[in-house]
Amino acid sequence: HENHPRVASALGEIPQGCEVRRITDAVQVNPRVVIPRDGEKPFVPMGCLSNNSMLITDIESRHGNSGAKFQNGDTLFARITPCLENGKTGYVQFLPDASSVAFGSTEFIVLRSLSLTPEFVYCLARSDEFRSIAIKSMSGASGRQRVQEKCFHDFQIAQPPQALLEKFSAIVAPSFRLIYRLHLQIQNLRRTRDLLLPRLLSGQIEARPPEP
């Protein structure tokens, strides 16, 4: 990329082939998603998001439909202090299929790709520049400040060409899926450990060395 031609733009010099776009033209902020009120659905409280990982863990089941609504491929971005400053940002990939819907905390901003890719949107939401714009827009009472969504309207990015975006996601998407699969395996191993350990300690089962 060091030898790729660069051209002048409103953002300064950018790689040739990129297009300067407003975030709101490339990313849908809080897309409209319909979810029925009746029946239990997956619910994601703020505590399910990690400060330093895309994983969304300890998902609950609740009735109702009040709060942020999202689907696989969406990014959950904490809007409230100190969760935003701490880095709470999650990537939704725990639902069984593309049509399934979940809901969660009202303190989430849901980001969905319009002209980028889901993986690119998540990485963008993790970038220092994106988070800085959001943090600077926060207003409200001390200790309960929230991001103002209008801050995204004037934020511009250099959007790569579609072919490059697709190559990026072809490389990154398998890693995203692998992270989630490994998380599920770790959860399963923990459950197995929690079942076996009391039996080992009580002598109900005996630990044997592996046969040569």
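This is a short dialogue on reading side-chain features in a predicted model.

Colleague: Let's start with Thr89. Where does Thr89 sit?

Modeller: Thr89 belongs to strand E9, which covers residues 89-91.

Colleague: And is Thr89 buried or exposed?

Modeller: The general idea is to look at relative accessible area, where anything under 20% is called buried. Thr89 comes out at 0%, so it counts as buried.

Colleague: Which side chain makes a polar contact with that of Thr89?

Modeller: That would be Arg131: the two side chains are joined by a polar contact of 2.8 Å. Arg131 is also among the residues that Thr89 touches, a list including Leu49, Met54, Phe77, Tyr122 and Arg126 once residues up to four places away in sequence are set aside.

Colleague: Now the aromatics, please. How many aromatic pairs does the structure hold?

Modeller: There are 8 aromatic pairs. To read one, check the distance between ring centres and then the angle between planes, with over 60 degrees counting as edge-to-face. Take Tyr91 and Tyr122: their ring centres are 6.0 Å apart and their planes stand at 70°, so this pair is edge-to-face.

Colleague: Which elements does that pair link?

Modeller: Tyr91 is in strand E9 and Tyr122 in helix H3 (residues 118-126), so far as the chain goes distant parts, 31 residues apart, are linked. Both tyrosines are buried.

Colleague: What does a stacked pair look like here?

Modeller: Phe130 and Phe152 make a good example, with 5.2 Å from centre to centre and 20° between the planes. Phe130 lies in helix H4 (residues 128-136), while Phe152 is in the loop between H4 and strand E12 (156-159), so the pair ties together parts 22 residues apart in sequence.

Colleague: Are those two rings buried or exposed?

Modeller: Phe130 has a relative accessible area of 2%, so it is buried. Phe152 is at 0% and therefore counts as buried too. Both belong to one aromatic cluster, together with Phe77 and Phe155. You have met Phe77 already, as one of the residues touched by Thr89.

Colleague: Last topic, the cysteines. How many disulfides are there?

Modeller: The test is whether two cysteine sulfur atoms lie within 2.5 Å. By that rule the count is 0. For Cys18, the nearest cysteine sulfur belongs to Cys123 and is 15 Å away. For Cys48, the nearest is that of Cys83, at 12 Å.

Colleague: Is Cys48 buried or exposed?

Modeller: Cys48 has 3% relative accessibility, so it counts as buried.

Technical notes: Residues numbered from 1 in each chain as written. Predicted model: local features only at pLDDT ≥ 70, side-chain atom pairs only at ≥ 80, totals over all residues. Heavy atoms only, no water. Helix = DSSP H or I, 4+ residues; strand = E, 2+ residues; numbered from the N terminus. Buried < 20%, exposed > 50% of the residue type's maximum accessible area, 1.4 Å probe, protein only. Polar contact = N/O pair within 3.5 Å; in protein donor to acceptor, adjacent residues only side chain to side chain. Contact = heavy atoms within 4.5 Å. Phe/Tyr/Trp six-rings, centres within 6.5 Å; stacked < 30°, edge-to-face > 60°.
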